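Work through the exercises below with the model open. Each task is followed by a stepwise solution.

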Amino acid sequence: MTAVGSDALAWTMAGCAGLAGGLAVARDPGVRRARTLMARRREEPWMPLLRTRARAHFDGRREWLCAPVAALVAVLGESVLPLLVGALAVPLVRRWLRGRARRREREVAADAVTALCGAVVGELRAGREPGQALLAAVRSAGALGGAEPAVLAAARFGGDVPGALRQAAAGPGLDGLAGMAACWRVAVDGGAGLAAGLTRLESSLRGEKRRRDELRAQLAGAWSTVVVLALLPVVGLGLGAALGADPLGVLLHSPGGLVCLVTGSVLEAAGLLWASRIVRAGEAA
């Protein structure tokens with residue numbers, strides 16, 4: 001590898017190390033909160049629209065960022081092997097991004113169910129009938145997803161509202177609707193106060209969200225450690241290139257280097273899966 005290639009590799013690895021530190025800091029919710037509170041610069045009217053369009057354009061294609069990274073490593077290492085690894089990484093990264101998006105959608109749906117309970121309680125205390133209160137709350141909260149038309153029809157025409165709510169609870173993140181259906185059934189059959197039951201349900205859902213946020217804040221440090229450990233081999237390659245060695249040449253163009261590369265990659269993947277499983281187990285608990 002030429003001196004220019006070694007310098008480029010060193011700068012690339014140094015940038016990856018800086019990115020690892022930035023990710024470790026960015027995952028801290030306190031830092032994000034402070035950054036939001038301290039931001040005082042006035043944005044132009046067109047900036048939010050531009051940011052939204054850019055996010056919508058790149059959200060479905062972020063996994064393809066593996067391709068330019070693999071191409072850069074292939075050029076620096078003068079080997080086609082990084083291109084093959086990048087091609088294999090694209091579907092794996094896409095699967096990870098989709099799982100992350102599904103988890104985010106479930107959390108948003110759960111928060112919307114909590115807001116729906118509060119809206120129904122407000123409408124009931126304002127003097128509306130249960131069906132009318134549910135209609136008004138669904139229009140404002142919109143937490144029922146694809147089952148919303150069935151619930152609205154049952155509430156408008158006197159149908160089986162608890163049954164419609166139970167069917168809607170099968171959606172991702174909409175488990176709270178099953179509790180809402182139970183409160184509705186008890187209020188209809190036993191004459192109990194629907195507003196009181198929904199108030200207790202809303203309090204329970206808010207407590208669950210608060211515990212989830214606290215647990216995520218406690219696990220932020222663990223996730224930061226996982227990210228930093230995952231990028232340490234990249235930092236090691238950068239240090240080797242900065243010292244004048246040729247780590248990519250050794251790894252990609254010698255039998256011993258290829259054995260070390262395969263073994264290290266397997267151990268790296270196993271370590272990441274193990275650490276992620278530990279953190280996921282903590283989140284599930």
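**Exercise 1.** Which residues form a nonpolar patch on the surface together with Leu83? Classify Leu83 as buried, partly exposed or exposed.

*Solution.* The model is predicted.
- Step 1: Val80 and Leu84 join Leu83 in the patch. Together, these residues have about 270 Å² of accessible area.
- Step 2: Locate Leu83. It lies in helix H5, residues 81–125.
- Step 3: Take its relative accessible area, 39%. Partly exposed covers the range between 20% and 50%. Leu83 is therefore partly exposed.

**Exercise 2.** Place Lys209 in its helix, classify its exposure, and find its C-alpha separation from Thr114.

*Solution.*
- Step 1: Lys209 is found in helix H10, residues 194–242.
- Step 2: Its relative accessible area is 30%. That value falls between the 20% and 50% limits, so Lys209 is partly exposed.
- Step 3: Lys209 and Thr114 are 95 residues apart along the chain. Their C-alpha atoms are separated by 9.3 Å.

**Exercise 3.** Which members of the largest nonpolar core touch the most other members, and which element gives the most residues?

*Solution.*
- Step 1: The core has 34 residues. Leu116, Val120, Leu134, Leu177, Met180 and Leu198 touch the most other members.
- Step 2: List the elements that give two or more residues: H5, H6 (130–141), H7 (148–157), H8 (161–168), H9 (176–190) and H10.
- Step 3: H5 gives the most, with 7 residues.
- Step 4: Check the contacts of Met180. Leaving out residues up to four places away in sequence, Met180 touches Leu116, Cys117, Val120, Leu134, Leu165, Leu198 and Leu201.

Conventions
Residues are numbered from 1 along each chain as its sequence is written. This is a predicted model: local features need pLDDT of at least 70, side-chain atom pairs count only at pLDDT 80 or more; totals for chains, interfaces and linings use all residues. Side-chain values use heavy atoms; hydrogens and water are left out. Patches are made of residues with over 30% relative accessible area and no salt bridge: like charges are joined within 9 Å, nonpolar side chains (Val, Leu, Ile, Met, Phe, Trp, Tyr) within 5 Å. Accessible areas come from the Shrake-Rupley method with a 1.4 Å probe; for residues, only the protein chains shown count as cover. A salt bridge is a side-chain nitrogen of Lys or Arg within 4 Å of a carboxyl oxygen of Asp or Glu. Helices (H or I, at least four residues) and strands (E, at least two) are DSSP runs, numbered from the N terminus. Buried means under 20% relative accessible area, exposed over 50%, partly exposed in between (1.4 Å probe, protein chains only). A nonpolar core is a set of buried Ala, Val, Leu, Ile, Met, Phe, Trp, Tyr and Cys residues joined through side-chain atoms within 4.5 Å. Contact means heavy atoms within 4.5 Å.
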